[in-house]
Amino acid sequence: MKVYNTLTRTKEDFIPQEEGKVKMYVCGPTVYNYIHIGNARPYVVFDTVRRYLEYKGYDVTYIQNFTDVDDKIIKKANEEHSSMEEVSNRFIKEAFTDADGLNVKRATHHPRVTEEMDNIIEMIKTLVENGYAYENDGTVYYNTKQFPEYGKLSKKNLDELIEGASERVDKDDAKKNPTDFVLWKPYKPGEPKWSSPWGEGRPGWHIECSVMAKKYLGDTIDIHAGGEDLIFPHHENEIAQSEAANGKPFSKYWLHNGFIMIDNEKMSKSAGNFFTVREISEQFPYEVIRFFILNGHYRSPLNFSRELMQACQNGLERIKNCNTDLQHYIDNCHDSKLSQAETKLLDELEKYRTQFETAMDDDFNTADAVSAIYELVRFINKNLKENISKEFAEREMELLGKLCGVLGINKEKEKANDEDTAVIEELLAKRTEAKKNKNFAEADAIRDKLTEMGVTIKDTRQGVQWFRG
Ligand code: AMP
Ligand code: ZN
């Protein structure tokens, strides 16, 4: 299996430190608003990476934090005359609602910055003691000149950065170098505060991930992931902190997703050109959002549009229809054992599994993995014949379910609730009876009624099939 490592800018063989185990950290959202579909991309993409690793037999420990101390959260709390806790608790809850809707598995732990303060202070103390950080009037800075490898992830040259003092580097006279960044900032009225050896205050953003990764995964992890805007300065700074404090490499592989774009611009909260997952979910089911994200390769930019969402919804529908048809044949087939012709077709069936795995082994190419599923669907549809055996149909269904499961997609159509189902089945029985009595007018009337209820029916030689939509 190959993964593209931002650290080396190459696709490398994936070999975790410990055989059969993967330690993975994904930077989580800052919780002051609903997540937008851009934020949903790392959620869905790295959840799929995790699912594929699990499919391959790895035991994955997956950590995703919540940044619950931040200027933007404090600002929102002040605007609402509420507290930082109230704002972050509310949006953590909402983020879980969206993540559950998107079928993103819960992380092994979801640590929050406010609950990790002692360890944060400890790591800053270590950095100060080892000469990697300095204090100036209650602010602690990381001294980037002390870490010769600074810039190794983003491929930025420290001297050039200092010369040019790029727009992403704060200008601040209290710093020794323009690239130095804040580890601890002093208390300002109206802000939350914690006691520390440098006075009351709160931590900078970057230190939290170094600390949480160390606490839950150890000094060296296998995969560190997030959106590509985090490469610099966030991940560059995480490396500088963790490697200076622990004296070990921080992460073997660095994975970064590309942006979700809108009208060829990055979707972002600050630019205001965003759609929240919640508002999109009012027009398309959550799983269509997930499927849309997986229809592109995770490192490529992905343009959000209603047309593409619609195309993804249609594609998903094709997969679900195939599954429904297959189920119908399984429920009604006469032969249970494989025929000779089917035994031969099993090899062809296996080709789709291989095609899917080859795509995923190539740096998690979900776009090609989705194509493999479409080809499998075509194969299944082609072989849905009256004399299909139960075993063959079940093997097909098992493979379809397995591959969809790796992508976190449910192959089943949404089932109507039980009460509805009882009503629908009663109407269907009446319609069958009417047809038997050659009362076609009544049979048609019942069909119209079912259509009105959003139920589609299909007459097949094995009986009546029905589904919603
Ligand atoms: P934030 O809440 O802004 O810290 O972002 C949370 C995660 O979403 C980070 O991994 C970001 O890199 C990622 N992200 C933000 N905007 C986009 C976007 N438009 N497309 C893809 N990923 C994004
Ligand atoms: Zn982080």
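**Exercise 1. Which residues does H36 touch, leaving aside those up to four places away in sequence?**

Solution.
- Step 1. List the partners: H36 touches M267, S268, K269, F274, F275, T276 and V277, with residues up to four places away in sequence left out. The model is predicted.
- Step 2. Place the residue. H36 sits in the loop between strand 3 (21–26) and helix 1.
- Step 3. Check its cover. H36 has 4% relative accessibility. Buried means under 20%, so H36 counts as buried.

**Exercise 2. Compare the end-to-end span of helix 1 with its expected value.**

Solution.
- Step 1. Helix 1 covers residues 37–55, which is 19 residues.
- Step 2. The expected span is 1.5 Å times one less than the number of residues. For helix 1 this gives 27 Å.
- Step 3. The end C-alpha atoms of helix 1 are 26 Å apart, which agrees with the expected span.
- Step 4. Now look at cover. Of the 19 residues of helix 1, 16 are buried, so the helix is mostly covered.
- Step 5. Look past the end. G57 follows helix 1 and has a positive phi, near 100 degrees.

**Exercise 3. Explain why C322 and C333 form no disulfide.**

Solution.
- Step 1. Search the whole structure: zero disulfides are found.
- Step 2. Recall the cut-off. A disulfide needs two cysteine sulfur atoms within 2.5 Å.
- Step 3. Take C322. Its closest cysteine sulfur is in C404, 9.0 Å away, so the pair is too far apart for a bond.
- Step 4. Take C333. Its closest cysteine sulfur is in C322, at 14 Å, again too far for a bond.
- Step 5. Add the cover. C322 is buried, with a relative accessible area of 1%. C333 is buried too, at 16%.

**Exercise 4. Examine the backbone at P233, D263 and D363.**

Solution.
- Step 1. Set the background. Most residues other than glycine have a negative phi, and most peptide bonds are trans.
- Step 2. Start with the peptide bond from F232 to P233. This bond is cis, with omega near 0 degrees. P233 belongs to helix 7 (residues 231–246).
- Step 3. Go on to D263. Its phi is positive, near 50 degrees, and the residue is not a glycine. D263 lies in the loop between strand 11 (260–262) and strand 12 (265–266).
- Step 4. Finish with D363. This residue is not a glycine either, yet its phi is positive, about 55 degrees. D363 is found in the loop between helix 11 (340–361) and helix 12 (366–382).

**Exercise 5. Are D263 and D363 buried or exposed?**

Solution.
- Step 1. Exposed means over 50% relative accessible area, buried under 20%.
- Step 2. D263 has 70% relative accessibility, so it counts as exposed.
- Step 3. D363 has a relative accessible area of 0%, so it is buried.

**Exercise 6. Describe the chain as a whole.**

Solution.
- Step 1. Count the elements: the chain has 15 helices and 15 strands.
- Step 2. Take the extent. The C-alpha trace spans about 90 × 50 × 35 Å along its principal axes.
- Step 3. Take the cover. Of the 469 residues in the chain, 52% are buried.
- Step 4. Take the surface. The accessible surface comes to about 21800 Å², and carbon and sulfur atoms hold 47% of that.
- Step 5. Take the contacts between residues at least 6 apart in sequence. Of these, 75% join residues at least 24 apart.
- Step 6. Take the charges. The chain carries 65 positive and 81 negative charges, and their mean positions are 3 Å apart.

Technical notes:
Residues numbered from 1 in each chain as written. Chains lettered and ligands numbered in written order. Predicted model: local features only at pLDDT ≥ 70, side-chain atom pairs only at ≥ 80, totals over all residues. Heavy atoms only, no water. Helix = DSSP H or I, 4+ residues; strand = E, 2+ residues; numbered from the N terminus. Buried < 20%, exposed > 50% of the residue type's maximum accessible area, 1.4 Å probe, protein only. Contact = heavy atoms within 4.5 Å. Areas by Shrake-Rupley, 256 points an atom, 1.4 Å probe, with all protein chains shown as cover. Lys, Arg positive; Asp, Glu negative; His and termini not counted. Charge placed at Lys NZ, Arg CZ, Asp CG, Glu CD.
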